[in-house]
Each structure stands twice: as C-alpha cells, then as structure tokens.
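Colleague: I should like to go through this model with you and ask, for each term, on what grounds it is used. May we begin once the structure is on the screen?

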Amino acid sequence: MKYLNLKLIRDVRKNWTQFFSVFLMAFLSVLLFVGLQGAWKGLDVSLHHYSRQSRLSNYWIRAVNIQKADLNKLKAIPGVTSVSSGIKIQTQSGKKQITIEGVNTKRPSFTLVKGNNFSQTNGIWIDKEYAIANNIKIGDQLPLKFNHVKVKYPVKGIIQSASKIFFTGSQDYIAPNHSKYGYAYLPEVYLKKSFPNIISTNFVTLSGHHANMRQRIEQIFGKRLMMYDNRSTLTEVATAFDRVTEIKNLSYLFSFIFILLAILAMFTTIRRLIADQTSEIAVLKALGFSNQLIGLHYGSFGLLVGGLGSLTGAIFSPVVSLFVLSTQKTMFSLPKWQLAYTYTSLWVLILVIAICVLSAYFAAYSAMRGLPADFLRGDSEKEVHHIFLERFPGIFGRFSYGARWIIRDAFFNKIRILMGIVGVAGGMMLMIAGIGMPQSINHLVDKTYTQDYDYAKRLTVNDYASFKNKYPQQKGQWLQVSQAHFSKDDGYNRYLTILGKGHEVKLKTVDGKEIKSGGIYLTHGFAEKAHIKKGEKLRIKTFGGNDNHYFKVKGIIDGQVSQGAYLTAKTWKKAKGEYQPTTLLIDKNTAYPRKDVVSIVSIGSQQANANNFVNNLMGIFALIIGFAVVLIVVVLYNLGSLGFVERYRDYATLRVLGIHKKELKQLTFVENVITTFIGWLVGIPAGIWFLGQYVATFTTIKIEYVPYINWITITFASTFVWICSLSTTIFLNNRIKKIDMVQALKGVE
Amino acid sequence: MIKLEKISKFYQVGDEQVTALQDISFPIEKGKLTIILGPSGSGKSTLLNILGGMDQSTAGKFLFEGENVTQFDDHQLTDYRRKVVGFVSQFYNLVPSLTALENVAIAARLTANDHRAEEYLAKVGLKQRLNNFPSQMSGGEMQRVSIARALSKKPEMLLCDEPTGALDTKTSLRIMKILQEVAKTSKTAVIVVTHNPSFERYGDCIVRLRDGRVESIKRNPVPSEIGEDVK
C-alpha cells in the first residue's frame, strides 16, 4: 500500500490540471451550498434569537377607541399569554416621518442600543437606523408635529425593535428608507400630554397562540378594527422571515442543479484520468494485487482530491455566508448577525466526497473486472454493430465517412453524448435562471411603476370630505385602501383598493382588459393562493366597517405588488360601502394644496426605493452567476476533453492516414456543434421552467414574483453557452496539434 | 529514388541522451520487398516512423524522389503521408465504428480512389466481410483490412511495422504473401519491419539493425515464394 500511496501522490502531481478541475468542482459545490446555508440559517437563527430575546409579539391589532374591556376580552382568549396596548401615530419631523408608539409598560419589547433604559420620564427612544442616518445623538431634541401640534422630546436612548426589523415607515414604499422614515417610543402618558384630546389607545399587541385568532379579534372589535396582522403578514417582521425562506429555497434549488452538474464534471474528469490508467490497472492485477486493493487505490484518488476540494470549500464557506449576510444588512435591522449551519451541510460534504470516490472506483471497475492480458494487449475494443439509421441507405449513404464515424460513435457512447447534452442543457438552465431572476425582479419594478400605475405623485390627506369641500376641482384619482377579510381567502387579510375616477391606475386583467364597474378584481397571486376563480361570488368585510358586501369576481389582475383586490368606487358605493379615500394620485401637471396634504410621495422615489430593494438581492444573483460561469466552463471543457481522450487512437490513425489537422478539427467542431445544438434546444425550455421554479421561491403573501423571459435573457445565455461549448474546440484543437502518432499507434501499453 | 543518408535520431531522456539511430544509410527500391530485421531496441520502428513521415530525424537526409523529407513542415508531412505512404501497424489501428469497407474507403477517399475500396478488400480476400466492424473480425482479417486500407491509397511506399506480430504462423504467412505480391505486381516499395528472422528469405533486400546502426545489408536475388496453400 505504501507504494500505491506513493503512486497516488505522483499521479496527482503529474495530472494536476485534471485533478484541479475535480478539486474545483468539489470546492465550488460545497462552497455554494454551505456558504448560502450559513447565510440563511444564520439569518434564521439571528431572527429567532432576537424574537425570543425581545419577546416579539405574535399578533398586532389596530383599532379605534380601544377600551379596557377590550383588553380584558383579549386576555381571556385561550392561549394568549400577554396583552400590551398603546398609541401609535404618524408624526412629521421636519420633512421626515417618524412613527411614534406611546407605551405604558415598564418593559417594552425593544432592545436598548445606547443611552438610558426605558422609563416613565419625558423623553424619546429613537430607532438606531434613523439615528445613524440623521446623525441623532443622546440628548438631542427631536422635533415632532402631529395634527398641527408641535412638540420636542429629548432623545433618551437609541433602540432597535424586533417588530420593526424591516421598517419602511409607509405603505408607499417596499424597502426601508432610514434617512426619511424612522420610529420611536415614549411613555404613553407623555404622548397623551403632548397631544391632549386628539388620540386614544389605538393598537394592541398579543403574545401567545390561538387557532382562530382572526375571528376572535373581529368579534371583539367589530367595526372598530382597522388592521390585524400576525408574524406572517406584518411586513416589518414577515419580510425578514420570508427572506430566510427565499435564500433557503434559492440555495437548495440552485445547489441541486449546480451539484448535479459538478458531479457530471467530477465523474467525467475522474473517468478520463482512470481511462488513461487501464494498462496500469492491468499491470497491478498481473502483479497479484487484489481487486479490493486496486479499488481502494483508485477510490483514494477521489477521496484525496474530492476530500481536499470539499474541505477547502467548507473552510471558505463563511466568506460566502458573510458576503450574503452583508447584502442583507442594508434591509434588516438586527442587533446581532451570526452564521449558522445544519447537518445538511455535512451531508452535502460527505455526498460530494462519496461521489468522487465512487466515480474513481467505478471508472477503474471495468479494468479491474477483466483479465489483465486483455488490457495489456489493448483488446478492449467496444462491440460495434450497424445502427437503425443504416436501414435507410438513401439517407445514411449521403453522409461522409467522418460523419458516419461521429454518428455511430454517438450511438455506441450514448452516456458520453448524453453527458454532453446534459452539460450544455444544464449550463443553459443555470444561465437562464441566473440572468432571468434579476431581470424578472427588475421587470416587476418597471412594470409596477411604468405600466400598472401612471402618476407623478401620491398624496395622502387626513379627511376626504373636508378636502373635497375645500378643493372641489382637485384633479387626480382617489384611492381608498383598507384591510379586508375575504371569504373565501387563504387565511390572510388582504388590502381592498377602491378606485375613484381617473386614469392613474392602469392595472389590467390577465386577458388585457381594464378594471370596470360591476364586480371585484383579484390579483393573480391572491386568486391562486385562495383558489378563487373568475365568476365566483365573494363576501367581503372591510376593517373599519361592520357590513358584509358581496361581489362577483369579474377578472383576475396581472399585478404583482400588493396582492389583494380592486373595485371601482361606483361598484363599492352601489353595494352601500363607505367611501372615504385618503390617497390621491396626480399626474405631473396637476397642482395640489401642499398645506392640506399629510404626505407627498413621488413615483420616482418609489421606483428608486424598489430598485434599492432589488439591488439588495443582486449581490447574491451575481455570486450565483459567477459560480455558474465557472461550472459551465469546467463541465463543457471536461466533456469535450473526455471525448477526445476516448478517441485519441482514432484521431492518431486518421493523422497517420494523411488527414490534415484542419480536417480533424472540422470533424470535432461538427460533433461539438451537434451536441451543443441538442443541449441548447433542450436547455431553453428547461431553463424557462427552472426560472419559473426559481422565481416562485421568492413569492410572498404580498408580492407575487413571476418569471420574465425576453430575447435578451435567451440570447445572452445562448451566446455564453455556445461560446463556452465551442471554445472547448479551441482547447481540443491544441490537443489535436499535439497528437503523437508514434505513441498512439503502439499497443495500449 | 528513395534514399537514407546518415540518418540519426537521438532522444533526451532525463539527463541522458539515447541514440535510437546512428548514421543509417541505404537505398530503398520500388517494386521490391525490403525487410528490416533486428532485435528489440535496435531502432527498426524509429526508422519506419521516419520513413512514414511520422517522426523526424535529428540528423541526416531522407530523400524521396529528390526531396529531403527531413526538412518537411507539418503540412508537407501530412501531404506526404496522404499521397506517398501506406501504413500497416501491428495493432491494425482501424476505426472501430467504421465497417471494413468504410475503413478502407476513408483512406481511399484521400486519393479520390474510394470507389475502389471494395476492390482492395477483395484483393486481400475479404469480399464477404465488407460490412463487418473491426470488433466482428479476427486479428488476421483486421490486418488484411489494414493492408487494403494502406493499398487503397496507391502508396509509393508501403510501411509495415511488425504486421504479423500479433498473428499466428499461418495467418502471418498469408499476410507476408499479400505483401510479397504487392511488391511484385506494383511499383510500390514495400518495407516490412520485423524481428522474425524466418521472413528473411521472402525479401528482396534484408537490412539488419543492431543498437541503432546498420549491421548488414543483404540482397536476395531470388526470394522464396510463399506456397499457394497459405492463401
């Protein structure tokens, strides 16, 4: 065994380029899977740890005029462990907006980052991200304005809240904008003092679990209920937990294809290496080495290189994990970010090593099985016979001898050809998904802000009736947005948007029709999740209203952001619904009374904010594309190289006969083109399907991600895969140049 | 005219220089069977590879019809192999996924002679095996396909490297008879490298090599005929 080990080390050193490609594949497979796992599991562990530590609530309720009796009823719900109430208002601080929560507990559910512990003193505890973005320090005076009343609070502490991990501050934005939106806590008593007779308790948080919590809450609050959320629907919390699922799904889905292709690359490389050693295997057998020992020796090739690659991948995986986590830090506010791994990583590591060992073992197996003399003689010619196509001499006879050789060779080396096709198709899948994913998300943003909506500014007013009285000529489209309970639904409350007259909302149905009066329209994602079809009748109860309304589903809307329902104000009023819109969409030429508007959001800032959200994921996509590129190059080169090695003697014979290198190159080129073409053809639909699966993993309750494929994606992926595949011909051309006719025409030894 | 003038070939193996051939000089006649004899390591195959345009000498001249082949570039050497040389090796070197007919035709095509592929296979007695693949033939049959393939190019020089090395005695004699007939009936220079001294009597010229040098050159005015019974 000592000398076999010596042989192993020398063989690895001699063929280091081929072993390096196995090393690289094992390294990349483990690096990608374990790296991504370290990130998503780390985020998951960090979120759960933070949730537990800060006693994150399970339910969030907003209602009008909450009384002590309500709180008692809530406490009486089985499974509820604690109830907290307070006042939540949206204030202005100069041109910025701060969500203020007045709490009456001694132990509020936020974490102190800096400053004084929360106490019933006159002061404010401001959110860390906002404080950093606006350079606010302990002791600063924070000016606030609410309903024309202005106050100032001394900053007592800098805090982070688990219920606001992903804080946008406004429904108008999908990503945080810490320089403009923040949140803060202060004792309820001081808030009431600052704004007397204006506000009362309007929010409650619950901890604990109850199976029918939504119904119980609706029963308790009735018409006063304005909003109900749990951890799956509260954007500030759900987005963070959804991100764990997104990266996890992405990791599994992408790693699956990636590892599959890497296995292909490892298997072909090892097979090629061992194919060069058949005579050595025969010599070892002739010397009396047992099959077990020879198997062990060749298996150790896989163990050494696969093991080294996998372990190096595992060692460097935290670099990938930290990179992925760093891309998430701009979106999520967490006190501690950590890496975490599960046993799956260990299993993947073992799997990759096992594949390398088994590839090496089985590559040597055929030589181990045979008689040493056969392999020393070189009598290992494959059994060849006529193929089905030859029954049509009219067709087959037209092919050149070179083409006949290629065709028959393909038939008798189906696995090699199949691996080539799978390699190209897999490359197409990875590239289409890799490029298509960011394109799909970018398209979603573009479509939302350029096709689905066409406004310049989104205004919010306090009171529709008084605004309308004061400015009866005001142009624009009014929107009334409220949470509603749909029956049937998918277990979650959705937003019901009631559209006034106007042309700013341009959402269309999946069959290209506009929203008209006479029924309700559901977004595609909501309809799918709740299994609602066009023509069905729905019962709707909006929060803030006590009546049930019934509407027939008139169409399914092709809209991705804010999954919910839409209907016209005319239809709503006809059904006796209360119409009090607070949002006005106006175009760029429409004037508006700035002093009577609570907030102004431009579509440009919304789009920039959404792009920011998208860019947050681009680092991960870029990482995956980078990995895919390396993988495709290695896989395609290996497959091309394997074909060359297996037919080296044939090539040499043709050279001896007087066939020019150029003619031989043409032959390998044609063969490569045929394999690439078939793989490419298979790869396009497979890639589109894969992209669909890949994109779907990002879909949440509120946003439906759909694959977007255009000619750019297909062209780019095709160009790359074709270039990679055909460039292997260049590598092969170099090897054709170096064919040693003298050596090749000798016996196998 | 085919002539070798002071051909030498040296290999560098590690720090050591190995002499494969040293000052080899002799003429080769067309229409004659030249047999190169010698033990293993005497340089027979190296010499044949130089004659076949598959290898280049380190020194000396290899003149073919007045041209110095040793100065040919790769493209010229390929053309030389294509138009001048027919090569038969010990291991047949047939393309496994082409039939006997196609193996011959692919070579014959190089000299626009592919319509006669069948004829060449008939000449070596394989008319009934045209559509068989190499894996479906015996060693002797494969070697005959290899000869037919070499002949189909109408080579001016037929080089055979141990053509009977992997064959039994009777099949070997059959192959030697074919080669003797080729030399006699065409203007092809047939050169057979072998370590089998019993073939000496069948050649017109016998060149003995030892340690990379010419040991002797013997003319055989009346070579022995191989009996009809081996056909």
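Modeller: In chain A, 46% of the 749 residues count as buried. Please bear in mind that this is a predicted model.

Colleague: What makes a residue count as buried?

Modeller: A residue is buried if 20 or more other C-beta atoms lie within 10 Å of its own, exposed if 12 or fewer, and partly exposed in between. His531(A) has 10 C-beta neighbours inside 10 Å and therefore counts as exposed.

Colleague: Where does His531(A) lie, and what is its phi?

Modeller: His531(A) is in the loop between helix H16 (524-530) and strand S15 (537-542) of chain A. Its phi is positive, about 55 degrees, although the residue is not a glycine.

Colleague: Why is Asp23(B) called partly exposed?

Modeller: Asp23(B) has 14 other C-beta atoms within 10 Å, and a count between the limits of 12 and 20 is called partly exposed; therefore the term applies to Asp23(B). This residue belongs to strand S2 of chain B and has a positive phi of about 50 degrees, although it is not a glycine.

Colleague: In what order do the strands of the sheet that contains S2(B) stand?

Modeller: The order is S2-S1-S4-S5 in chain B, an open sheet of four strands with antiparallel pairing.

Colleague: Why are S2(B) and S5(B) said to stand at the edges?

Modeller: Strand S2 (16-28) and strand S5 (67-68) of chain B each have a single partner strand, so one side of each has no neighbour in the sheet. Helix H1 (residues 44-51) of chain B packs on this sheet and touches S1, S2 and strand S4 (59-64) of chain B. The direction of H1(B) makes about 60 degrees with that of S2(B).

Colleague: How do you know that S1(B) and S2(B) pair?

Modeller: Pairing requires at least two bridges between the strands. Nine bridges join strand S1 (residues 2-13) of chain B to S2(B), and the two run antiparallel. As an example, Phe10(B) has Thr19(B) in S2(B) as its bridge partner.

Colleague: What makes strand S3 of chain B largely enclosed?

Modeller: Five of the five residues of strand S3 (residues 33-37) of chain B are buried, so the rest of the structure largely encloses it. Both faces are covered, with buried Leu33(B), Ile35(B) and Leu37(B) on one side and buried Thr34(B) and Ile36(B) on the other.

Colleague: With which strands does S3(B) pair, and in which sense?

Modeller: S3(B) pairs in the parallel sense with strand S8 (residues 189-194) of chain B over five bridges, and Leu37(B) stands opposite Thr194(B) in S8(B). S3(B) also pairs in the parallel sense with strand S9 (residues 205-210) of chain B, over four bridges. There, Thr34(B) stands opposite Cys205(B) in S9(B).

Colleague: Which residues have the most contacts inside the largest nonpolar core?

Modeller: They are Met266(A), Cys356(A) and Leu631(A), in a core of 190 residues. Helix H7 (residues 235-275) of chain A gives the most to this core, with 20 residues. Leaving aside neighbours within four places in sequence, Met266(A) is in contact with Val22(A), Met25(A), Ala26(A), Gly306(A), Ile355(A), Cys356(A) and Ser359(A). A second, separate core has 87 residues, including Ile106(B) and Tyr120(B).

Colleague: How do H7(A) and H14(A) pack?

Modeller: H7(A) and helix H14 (residues 414-452) of chain A pack at an angle of about 150 degrees, with their axes 10 Å apart. Their crossing is left-handed. Among the residues that make the contact are Leu261(A) and Leu264(A) of H7(A) and Gly423(A) and Gly426(A) of H14(A). By class, this contact has eight nonpolar, three polar and no charged residues.

Colleague: How many residues of chain B are in contact with chain A?

Modeller: In chain B, 23 residues are in contact with 23 residues of chain A. The elements that give two or more residues to this side of chain B are helix H2 (74-83) and helix H3 (100-108) of chain B. H3(B) provides the largest share, four residues. By class, the side of chain B that touches chain A has 12 nonpolar, six polar and five charged residues.

Methods: Residues are numbered from 1 along each chain as its sequence is written. Chains are lettered from A and ligands numbered from 1 in the order in which they are written. This is a predicted model: local features need pLDDT of at least 70, side-chain atom pairs count only at pLDDT 80 or more; totals for chains, interfaces and linings use all residues. Two residues are in contact if their C-beta atoms, placed from the backbone, lie within 7 Å. Axes are lines fitted to C-alpha atoms, for helices over the stretch in contact, and angles run from 0 to 180 degrees between N-to-C directions. Ala, Val, Leu, Ile, Met, Phe, Trp, Tyr, Cys and Pro count as nonpolar, Asp, Glu, Lys and Arg as charged, and the others, Gly among them, as polar. A nonpolar core is a set of buried Ala, Val, Leu, Ile, Met, Phe, Trp, Tyr and Cys residues joined through C-beta atoms within 7 Å. A crossing is left-handed if the near helix is turned anticlockwise from the far one by less than a right angle, and right-handed if clockwise.
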